[in-house]
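User: Please take a close look at a single strand of this model and at what surrounds it. I would like one connected account that moves from the strand to its partner and then to the packing beyond.

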Amino acid sequence: GGGDVAVLARRWQDVEASRGDRVRLVRCDPFHVGSTWRDASFAASVRRHLRDEPFDLVQSHERIVGLPIYRAGDGVHAAWLERRARTAGLATRLGMALNAHHRYLRRIERAMFEHPALRVVICNSEMVRREIAERFAISPDKLELIRNGVDLERFHPDARGLHRAAMRERWAIERDAPVLLMVGSGFERKGVTPALEALASCPGAVLVVVGDDRHRTRHASRAEALGIAKRVRFVGGVADPLPFLAMADVFVAPTLYDPFPNAALEALACGLPVVTTDACGIAELIDEERNGWCVPAQDAQALEAAFRHAIAAYGDRGPALRLAARRSAEPYSLEALSTALIGLYRRLLGR
């Protein structure tokens with residue numbers, strides 16, 4: 001029969017549409033200045049509320065020490081920093097080392113994963129589960145793999161017929177041009193720069209980048225310098241990525257670090273083959289040559305080859321790639337996600 005749910009958050013998108021008879025919003029939005037104070041003050045506010053109101057189960061999506069369930073949707077911050085440092089210049093590495101927020105997150109992360117009150121960590125990829133097990137003093141029995149879910153009815157290959165032609169006309173893209181799509185904010189982590197450089201070796205192909213970044217103009221300048229500005233569309237943030245997925249041929253996620261991007265799973269559900277890296281959790285769903293390609297992170301030559309291969313393969317056997325991509329997403333329905341979570345909660349409650 002389910003239970004009542006309280007959501008403790010600073011803010012909530014579309015509150016009235018999201019809140020039902022059994023869902024209650026509790027706003028925890030203390031004053032703060034800066035990212036470290038923001039995170040610490042929110043954690044303190046949540047703990048104060050939990051002291052005042054008992055709950056049968058508490059699941060956190062933020063790094064808060066001493067709670068029983070944590071969903072590691074952002075992966076391991078220490079792992080992301082190490083990957084970033086491998087290609088960063090000296091000034092960037094020094095800035096990372098001196099950054100108070102990075103130091104705070106690393107300290108809180110270790111304290112959270114090693115706290116005796118922690119009962120379960122929900123990992124959305126094997127990559128994240130492995131990183132946590134290797135870095136922290138935590139029992140492997142506490143690490144539960146539950147991948148993200150996707151609305152398989154909404155994100156479907158049929159969307160291609162509904163949006164493809166109109167979207168290509170809107171964004172001035174030729175009907176038969178190979179279109180590569182990226183979705184996500186935070187361009188450095190998502191790998192926009194290596195994607196631009198790989199596109200330069202793919203004449204005629206167009207890259208569409210959906211998402212925002214404070215250094216967007218820098219990436220646009222890089223496209224200009226590479227001579228590909230006319231073949232790149234920086235769309236910005238959008239409320240609904242489905243029309244863009246429908247007009248694309250290949251989804252690209254050349255990430256520096258990404259635990260398990262929802263956008264890539266939505267792309268597979270729409271029948272798009274995926275090009276990604278071994279630093280992305282979605283790689284665990286990729287069957288090489290059948291529904292996508294996986295290359296080593298930060299290997300520019302391998303990424304260029306994968307882009308060219310994906311474009312050629314899509315031209316030769318697009319229907320087979322679309323079918324394989326769709327089938328690889330079908331086990332990850334929202335219903336499957338709900339069943340897995342409810343099963344976990346019942347075990348924790350002893351029911």
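Analyst: In this predicted model, strand E9, which spans residues 232-236, is mostly covered, with 5 of its 5 residues buried. Val 232, Phe 234 and Gly 236 point one way from the strand, while Arg 233 and Val 235 point the other way, and the residues on both sides are buried.

The partner of E9 is strand E8 (residues 206-210), and the two pair in the parallel sense over 4 bridges. Within this pairing, Val 208 stands opposite Arg 233 of E9. The two strands also belong to a right-handed β-α-β unit, in which helix H10 (residues 216-225) is the helical part.

Val 208 leads on to the packing beyond the strand pair, as it is listed among the residues with the most contacts inside the largest nonpolar core, a set of 38 residues, together with Leu 181, Phe 244, Leu 245, Phe 251 and Ile 282. E8 supplies at least two residues of this core, as do, among others, helix H7 (159-170), strand E7 (179-183), helix H11 (242-247) and strand E10 (250-253), whereas helix H12 gives the most, with 6 residues.

Ile 282, another of the residues with the most contacts inside that core, touches Pro 259, Phe 260, Pro 261, Ala 264, Leu 265, Leu 268, Val 274 and Thr 276, leaving aside residues up to four places away in sequence. A second, separate core of 28 residues includes Leu 180, Ala 195, Leu 199 and Leu 207.

Notes. Residues numbered from 1 in each chain as written. Predicted model: local features only at pLDDT ≥ 70, side-chain atom pairs only at ≥ 80, totals over all residues. Heavy atoms only, no water. Buried < 20%, exposed > 50% of the residue type's maximum accessible area, 1.4 Å probe, protein only. Pairing = 2+ DSSP bridges. Right-handed = clockwise from strand over helix to strand, strands pointing away. Core = buried A, V, L, I, M, F, W, Y, C linked by side-chain atoms within 4.5 Å. Contact = heavy atoms within 4.5 Å.
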